[in-house]
Amino acid sequence: MSTKNVQIYHGDIIYSKSKTEFSVNPDSYLVVKEEKVEGIYPVIPEEYKEVPVTDYGRNLIIPAFSDLHIHASQFVQRGVGMDCLLFDWLNTYTFPQESNFKDPEYAKLIYDQVVQELLRHGTMHASLFTTIHYDASDYLFRAFEKHGMYGYIGKVNMDQNSPDFLCETTEDSLKETERFVYEHTGRTAGSHVKPILTPRFAPTCSHKMMEGLGKIAKKYQCGLQTHLSESREEVKFALEMFPEFESDAQIYEKYGMLEYGPSIFAHVIFPNEKDLEILKATGSMAVHCPDATVNITAGLMPAAAMWEQDINISLGSDIGGGHHAGIYHQIARTVQASKMKEFYEPEENRRLTFQEAFYLGTVGGGSCFGKVGSFEPGYQFNALVLGNLEDKGFELTPEERLEKFCYAGDDRNILERFLDGKKVVLN
Ligand code: GUN
Ligand code: FE
């Protein structure tokens, strides 16, 4: 049997085998065959005895992360204006920053950093908002493809309730969106990057816009990402703009945007019964962004309660509402936020365990991109090697080292990165 396309990695290997449980494989061998996980073994199987082993000793080997909600255009403003609430933050910091992307050279400067920083922090799969600008969005799409990353990239739509310097006509917005979707659908063989419709949120999109986006969704079988029920003020504003609807999610459902690709809803902090019913019935993805929630919005997603209703949940950095690119920090923040939710509203909520939060940041989000986020056989070997997680005089189990990484670690603990079975070289 040929072992030409086989690699073997030794280390302490962890991934989520279910929503609540890790598969912990200390001192084990992970066999990769043609970019995919073949299996994990305590000793090397006979047929692979000739294959050289890359030995990571007691370092951890884990699946790479997925960020299901990030604004690439806001990357450099992260950590700024964090004492504002949503609408002040948008008007003061975010809209002026996003208008800079009318200059493609500026987009290049920022988006090259975004790609590097995502990889640096172990995020290999992401769903990203750009801005309303076509050329800038096209640059990010190509940069993702060039680096072999997995992504959904959305040119943003805004035709009302937006400042003059960041507002499109409905006609131009729909024309440019269709061009973006058309030009980026199936463009490159082997690409893992896809376009996605991105109405910013209901307040900034007219009925005509939503109707036009619904037609594009159908014509190109395209998915949707947007912000949903992020603050009480937002919900009120959205339903004032769309009074004929019972909920924020129903706007997208009625306009036919939840039928084709993934439907990715960021935040979902104040969903009503109708929102929850629609999310569940359409298999939509609700993205928990706990950093952003405590920075610029008020309220916490009822994550555990929604998960118990079989609504899909994943994690997002929501940079620049969030301030840190590491999904591993969002995993820790998810546990923290769920404790707050349980403390203040114990009847309907429970805290999430570390194992559950890790699942959300790997398998949960990964489910939108194909077979990524796990080490079950057949999954892509998109993986991270983590080390230097113990202080002198205090030994930790593999699970404890992973937890410590999520709480107290940073990119310096990521010793190696693999994407489609190949080592990632950072710039
Ligand atoms: N709602 C509308 N636009 C935005 C944005 O850029 N970030 C966040 N977090 N919420 C929004
Ligand atoms: Fe956001």
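Which residue meets the side chain of R412 in a salt bridge? The first legend gives the partner; every view is taken from a predicted model.

**View 1. A salt bridge joins R412 and D410.** The partner of R412 is D410, with a distance of 2.5 Å from N to O. R412 is exposed, and its relative accessible area is 67%. D410, by contrast, is buried at a relative accessible area of 17%, because buried means under 20%. Side chains of opposite charge can pair when their charged atoms come close. The structure holds 21 salt bridges, and further examples follow in the next views.

**View 2. K155 and E168 form a salt bridge between two loops.** The side chains meet at 2.5 Å, taken from N to O. K155 sits in the loop between β7 (150–154) and β8 (156–157). E168 sits in the loop between β8 and α4 (170–184), so the bridge ties together parts that are 13 residues apart in sequence. K155 and E168 are both buried.

**View 3. D391 pairs with K404 of helix α13.** Their salt bridge spans 2.7 Å from N to O. D391 belongs to the loop between β15 (383–386) and α13 (398–408), while K404 lies in helix α13 itself, so parts 13 residues apart in sequence are tied together. D391 is exposed, with a relative accessible area of 52%. K404 counts as partly exposed, at 25% relative accessibility.

**View 4. Three residues share a network of salt bridges.** The members of this network are E308, R350 and E356.

**View 5. The largest cavity holds about 90 Å³ of space.** Rolling a probe the size of a water molecule over the atoms shows where empty space is left. The structure holds 2 cavities of 30 Å³ or more. Residues lining the largest cavity include H71, Q74, W89, R200, F201, H227, E230 and D318. Helix α1 (residues 86–99) gives the most to this lining, with 3 residues. Sorted by class, the lining of the largest cavity has 5 nonpolar, 4 polar and 3 charged residues.

**View 6. The second largest cavity has a volume of about 70 Å³.** Its lining consists of 14 residues, of which M301, A303, A337, S338 and K341 are the closest to the cavity centre. Both α10 (303–308) and α11 (327–344) supply at least two residues each to the lining of the second largest cavity. The most comes from α11, which gives 4 residues. By class, 8 of the lining residues are nonpolar, 4 are polar and 2 are charged.

**View 7. An open sheet is built from 4 strands.** Strands of a sheet pair through backbone hydrogen bonds, either parallel or antiparallel. Here the order is β5-β6-β7-β9, and the pairing is parallel. The edges are formed by β5 (65–71) and β9 (193–195), each of which pairs on one side only. Neighbouring strands of the sheet are turned against each other by 15 degrees on average, with direction ignored.

**View 8. Strand β6 runs parallel to β7.** β6 covers residues 123–129, and 5 bridges join this strand to β7. H125 stands opposite Y150 in β7.

Technical notes:
Residues are numbered from 1 along each chain as its sequence is written. Chains are lettered from A and ligands numbered from 1 in the order in which they are written. This is a predicted model: local features need pLDDT of at least 70, side-chain atom pairs count only at pLDDT 80 or more; totals for chains, interfaces and linings use all residues. Side-chain values use heavy atoms; hydrogens and water are left out. A salt bridge is a side-chain nitrogen of Lys or Arg within 4 Å of a carboxyl oxygen of Asp or Glu. Buried means under 20% relative accessible area, exposed over 50%, partly exposed in between (1.4 Å probe, protein chains only). On a 1 Å grid over the protein atoms alone, a cavity is a set of points where a 1.4 Å probe fits but cannot get out, and a pocket is an open set with protein on both sides within 12 Å along at least five of seven lines; lining residues have an atom within 4 Å of a point. Grid points are joined across faces, edges and corners, and a volume is the space filled by probe spheres set on the points. Ala, Val, Leu, Ile, Met, Phe, Trp, Tyr, Cys and Pro count as nonpolar, Asp, Glu, Lys and Arg as charged, and the others, Gly among them, as polar. Two strands pair if DSSP finds at least two bridges between them. Axes are lines fitted to C-alpha atoms, for helices over the stretch in contact, and angles run from 0 to 180 degrees between N-to-C directions.
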